[in-house]
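Visitor: I would like a close look at one part of this protein. Please keep it brisk and walk me through it.

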Amino acid sequence: MQAGPLVRGIYFSLFDYNLMRPASRVAVGFQNYRDLWADESARGAIVTTFVFTFSAVTLEFALGLGLALLLWRDSVFERALLALLLIPVTVTPIVVGLIFRALLAPDFGILGYYFAEWGLSGPRGFFGNPATACWTLIAIDAWEWTPLVALILLAGLKSLPTDVLEAAEADGATAAQRFRLIIFPMLLPVIFLALVLRSMDAFRVFDIIFATTNGGPGNATNTLMLFAVKQGLQFFNIGRASAIANLMLVCIAVFSVGFVILIRGADRRANET
């Protein structure tokens, strides 16, 4: 049952199929995929998607690991701080996008007005500048999902055997040595889980971009998911939209396999040492 939509998506991607003229469906083979590479907007969406995914996941992992290490001690303050940090995760992405669009608006936004007045964002704001729009969205995504990464990594840290860490500390190992030689290698499976989950989610980002820039200015923030939605629901080009969706599935699968290879290689080297 779950394979049905996937099979239909692959099937429709092989046709020139537009809902505005459903009777004129023509088999074109892999032409929709070749058209994606020939289309400058599609190539830009691919590049933007990879830049967004790599930058957002890297930032979220770095910040999440730092927060997890800070919250590792099980005290009342750490538990209260963790509860506050998880608030962004409970907000739906579309609402997050609308909130930040209002906050960063250069004319009436609580933050955006002062940024524009001080010359930090320009008269069109962060979202209106092609040079800053994508990086602003990356920062918003990190604000929302860094707490989730921190929670996953914190769960992994709390599951580590304390006797090994205490023995290393008793032997005179510094905090940096304990992290590099013991904590990080033992945390690799949890790191893999966090990276895969966030990469899959970031690669198909749609809500915050739709609510803030809708792919603009120009095509500066146009991602594959947004491009597919526009092709399917705005232009009713089901064949092209299906091809984009299949391309995204292949990219996500490659991400997952790549992470498995990297984590297994790192785990093997850690065990050898």
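How does Asn214 count by relative accessibility: buried, partly exposed or exposed? Please start there, then show me what lies around it in the chain and how the rest is built.

Guide: A caution before the details: this is a predicted model. Asn214 counts as partly exposed, because its relative accessibility is 37%, and the buried class ends at 20% while the exposed class begins over 50%. Asn214 sits in the loop between H12 and H13. Its backbone stands out. Phi is positive, about 55°, although Asn214 is not a glycine.

Stay in that loop. Pro217 is also placed between helix H12 (207–212) and helix H13 (224–234). A cis peptide bond joins Gly216 to Pro217. Its omega is about -5°.

Now step past H13. Phe236 lies in the loop between H13 and helix H14 (238–272). Phe236 is another non-glycine residue with a positive phi, here about 60°. Its relative accessibility is 32%, so Phe236 counts as partly exposed.

Next, go to a buried site. Asp141 belongs to helix H8 (residues 130–158). Its relative accessible area is 4%, so Asp141 is buried. Set aside its neighbours within four places in sequence. Asp141 then contacts Phe52, Ala56, Glu60, Arg198 and Ile208.

Some of those partners lead to a helix pair. Phe52 and Glu60 are among the H3 residues that meet H11, and Arg198 is among the H11 residues that meet H3. Helix H3 covers residues 40–70, and helix H11 covers residues 188–203. Their axes come within 9 Å and cross at roughly 145°. The crossing is right-handed. On the H3 side, the contact also includes Thr49, Phe50, Thr53, Val57 and Phe61. On the H11 side, it also includes Ile191, Leu195, Ser199, Ala202 and Phe203. By type, the residues of this contact are eight nonpolar, three polar and two charged.

Finally, pull back to the whole chain. It has 14 helices and two strands. Its C-alpha atoms fill a box of roughly 75 × 50 × 30 Å along the principal axes. Of its 273 residues, 40% are buried. The chain exposes about 15,100 Å², with carbon and sulfur atoms supplying 69% of that area. Take the contacts between residues at least 6 apart in sequence. Of these, 66% join residues at least 24 apart.

Methods
Residues are numbered from 1 along each chain as its sequence is written. This is a predicted model: local features need pLDDT of at least 70, side-chain atom pairs count only at pLDDT 80 or more; totals for chains, interfaces and linings use all residues. Side-chain values use heavy atoms; hydrogens and water are left out. Axes are lines fitted to C-alpha atoms, for helices over the stretch in contact, and angles run from 0 to 180 degrees between N-to-C directions. Helices (H or I, at least four residues) and strands (E, at least two) are DSSP runs, numbered from the N terminus. A crossing is left-handed if the near helix is turned anticlockwise from the far one by less than a right angle, and right-handed if clockwise. Contact means heavy atoms within 4.5 Å. Ala, Val, Leu, Ile, Met, Phe, Trp, Tyr, Cys and Pro count as nonpolar, Asp, Glu, Lys and Arg as charged, and the others, Gly among them, as polar. Buried means under 20% relative accessible area, exposed over 50%, partly exposed in between (1.4 Å probe, protein chains only). Accessible areas come from the Shrake-Rupley method with a 1.4 Å probe; for residues, only the protein chains shown count as cover.
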